[in-house]
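Student: Could you take me through some features of a model, one at a time, and show me how each is read?

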Amino acid sequence: MDGPLEFDPRYLAGILFFNRQDYFEAHEVWESLWMECAGPERRFYQSLIQAAVALYHFGNGNLRGAVKLFHSSKNYMQPYGDRYLGLDASDFWRQMEGCFAQVLASPDPDRNLRPQDDLLPSIALNPPPAKWPNPDDFLEEENADE
């Protein structure tokens, strides 16, 4: 082991927003990182962005969009294996599948379905970062005053 992983603070801030169920802000922060990224982690960040947007759509009743992004997100993350940048992908997708189970069970799910609070996924990193950033430092200026 070479020592602790160095995480981009935007990756960490996105995780904190995601774990607060603020999927829109998680997507925004991760997208700023994704746009600057050219290496192998680019698709990984895209996967996280799409997972956050899938949950955002699910919460707003856009089930078709939620399911589409759920599948594309999962497909984008698959090449990274069980662990990448500290994220346990197997655990993450187990949680995502549990959250989306009712929507995925039918080709025409009840349009009133919303995620159950007790099934919302969360992200834990192993190893955890030495220090977590303040996610509010990553909010866009127009959103910072709200």
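Student: How are the axes of helix H1 and helix H2 placed, and at what angle do they cross?

Tutor: In this predicted model, the axes of H1, residues 9-19, and H2, residues 23-36, come within 7 Å and cross at roughly 165°. An angle over 145 degrees counts as roughly antiparallel, and H1 and H2 are therefore roughly antiparallel to each other. The crossing in which H1 passes H2 is left-handed.

Student: Which residues of H1 meet which residues of H2?

Tutor: From H1 the contact takes in Arg10, Tyr11, Ala13, Gly14, Ile15, Phe17 and Phe18, and these meet Tyr23, Glu25, Ala26, Val29, Trp30, Ser32, Leu33 and Glu36 in H2. Sorted by class, the contact of H1 with H2 has ten nonpolar, two polar and three charged residues.

Student: What can be said of Gln21, in the loop between H1 and H2?

Tutor: The backbone angle is one thing to read there, since phi of Gln21 is near 65°, a positive value in a residue other than glycine. Accessibility is another, and at 42% relative accessibility Gln21 counts as partly exposed. A positive phi in a residue other than glycine is also found at Leu85, where the value is near 45°; Leu85 has its place in the loop between strand S1 (83-84) and strand S2 (87-88).

Student: Is His27 buried or exposed?

Tutor: Buried means under 20% relative accessible area, and His27, at 13% relative accessibility, therefore counts as buried. His27 lies in helix H2, and a polar atom of the His27 side chain lies 3.1 Å from the backbone oxygen of Phe24. Leaving aside residues up to four places away in sequence, His27 touches Ile49, Ala52 and Val53.

Student: Where is Pro135 found, and which residues does Pro135 touch?

Tutor: Pro135 is found in the loop between helix H5 (89-104) and helix H6 (141-144), and with 5% relative accessibility Pro135 counts as buried. Sequence separation and spatial separation are read side by side here, since Pro135 and Leu12 are 123 residues apart in sequence and 7.9 Å apart in space, C-alpha to C-alpha. Among residues over four places away in sequence, Pro135 touches Ala13, Leu16, Phe17 and Arg20, and of these Ala13 and Phe17 are also among the H1 residues that meet H2.

Student: Is the peptide bond from Asn126 to Pro127 cis or trans?

Tutor: That bond is read from omega, which is near 5° between Asn126 and Pro127, and the bond is cis. Pro127 is found in the loop between H5 and H6.

Technical notes. Residues numbered from 1 in each chain as written. Predicted model: local features only at pLDDT ≥ 70, side-chain atom pairs only at ≥ 80, totals over all residues. Heavy atoms only, no water. Axes fitted to C-alpha atoms, helices over the stretch in contact; angles between N-to-C directions. Helix = DSSP H or I, 4+ residues; strand = E, 2+ residues; numbered from the N terminus. Parallel < 35°, antiparallel > 145°, perpendicular 65-115°, else oblique. Left-handed = near helix turned anticlockwise from the far one by under 90°. Contact = heavy atoms within 4.5 Å. Nonpolar A, V, L, I, M, F, W, Y, C, P; charged D, E, K, R; others polar. Buried < 20%, exposed > 50% of the residue type's maximum accessible area, 1.4 Å probe, protein only. Polar contact = N/O pair within 3.5 Å; in protein donor to acceptor, adjacent residues only side chain to side chain.
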